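User: I am new to this protein and should like to be led through its fold by question and answer. Please show the model before we begin.

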Amino acid sequence: MKKVLILVVLVASLLATTNRTQAQNKFGHISLSDVIMAMPETKKADTAFNQFREALYQSAQDKNAAFQSDVAKFNKDSSTYTAAVKEVKRGSLQKQMVELQGEEQRINEELQKKQEEISAPIQKKALEALQAVAKENGYTYVFVKEALLVSPPADDLAPLVKKKLGLK
């Protein structure tokens with residue numbers, strides 16, 4: 001009888017501990033990209049990024065036009081050049097061509113750098129708001145909605161984060 005009583009008390013305490021542990025864990029999920037897209041800073045950043053991209057592409061087109069012009073001039077005037085002058089001008093044209101070939105990679109690197117530079121403060125602001133909402137509302141775990149295949153029941157925190165950021 002004493003063993004049964006001890007076993008019942010042990011099981012009851014184990015269940016109480018499990019219930020307390022489960023009650024402490026509060027799950028939430030969020031589509032952070034939706035929140036970021038709703039932020040006015042994102043629209044401004046997109047506009048600035050597009051202007052930067054267009055400026056880079058225009059610069060590349062100008063360099064290409066200058067190269068084409070130099071090639072045409074060389075072809076037109078090459079009969080009047082000495083062999084040494086032709087060699088120097090060909091070397092110069094080859095150098096321009098190599099630079100143009102690397103231009104696309106350089107543009108892509110600059111665009112990636114600019115994208116990171118522009119988006120970092122926006123992402124930081126969204127994450128800080130999410131962390132504040134999670135703390136204020138007692139969420140233990142917050143998951144990125146897009147990464148979940150299966151999840152326990154959870155609250156969508158996007159409306160709370162948007163409210164915290166002053167978004168509709």
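Analyst: Two residues are said to be in contact when heavy atoms of theirs lie within 4.5 Å, and packing is to be read in that sense. The model is a predicted one.

User: In what order do the elements of the protein run from the N terminus on?

Analyst: The protein holds 5 helices and 3 strands. Read from the N terminus, their order is α-β-α-α-α-β-β-α.

User: How far apart are the end C-alpha atoms of helix H3, and why does that agree with its number of residues?

Analyst: Helix H3 covers residues 40-77, which makes 38 residues. At 1.5 Å a residue the expected span is 56 Å, so the end C-alpha atoms agree with it, at a separation of 56 Å.

User: Which helices do the buried residues of H3 pack against?

Analyst: A residue counts as buried under 20% relative accessible area. In H3 the buried residues are Thr42, Ala45, Phe49, Leu56, Ala60, Phe67 and Phe74. Their packing partners are helix H2 (32-38) and helix H4 (83-136).

User: Why is lysine 162 classed as buried, partly exposed or exposed?

Analyst: Lysine 162 belongs to helix H5, residues 158-165. Buried requires a value under 20% and exposed one over 50%. Lysine 162 has a relative accessibility of 21%, and therefore it counts as partly exposed.

User: What distance separates the C-alpha atoms of lysine 162 and aspartate 34?

Analyst: Leaving aside residues up to four places away in sequence, lysine 162 touches Asp34, Val35, Ala38, Leu167 and Lys168. Lysine 162 and aspartate 34 are 128 residues apart along the chain, and their C-alpha atoms are separated by 9.6 Å.

Methods:
Residues are numbered from 1 along each chain as its sequence is written. This is a predicted model: local features need pLDDT of at least 70, side-chain atom pairs count only at pLDDT 80 or more; totals for chains, interfaces and linings use all residues. Side-chain values use heavy atoms; hydrogens and water are left out. Helices (H or I, at least four residues) and strands (E, at least two) are DSSP runs, numbered from the N terminus. The expected span of a helix is 1.5 Å times one less than its number of residues. Buried means under 20% relative accessible area, exposed over 50%, partly exposed in between (1.4 Å probe, protein chains only).
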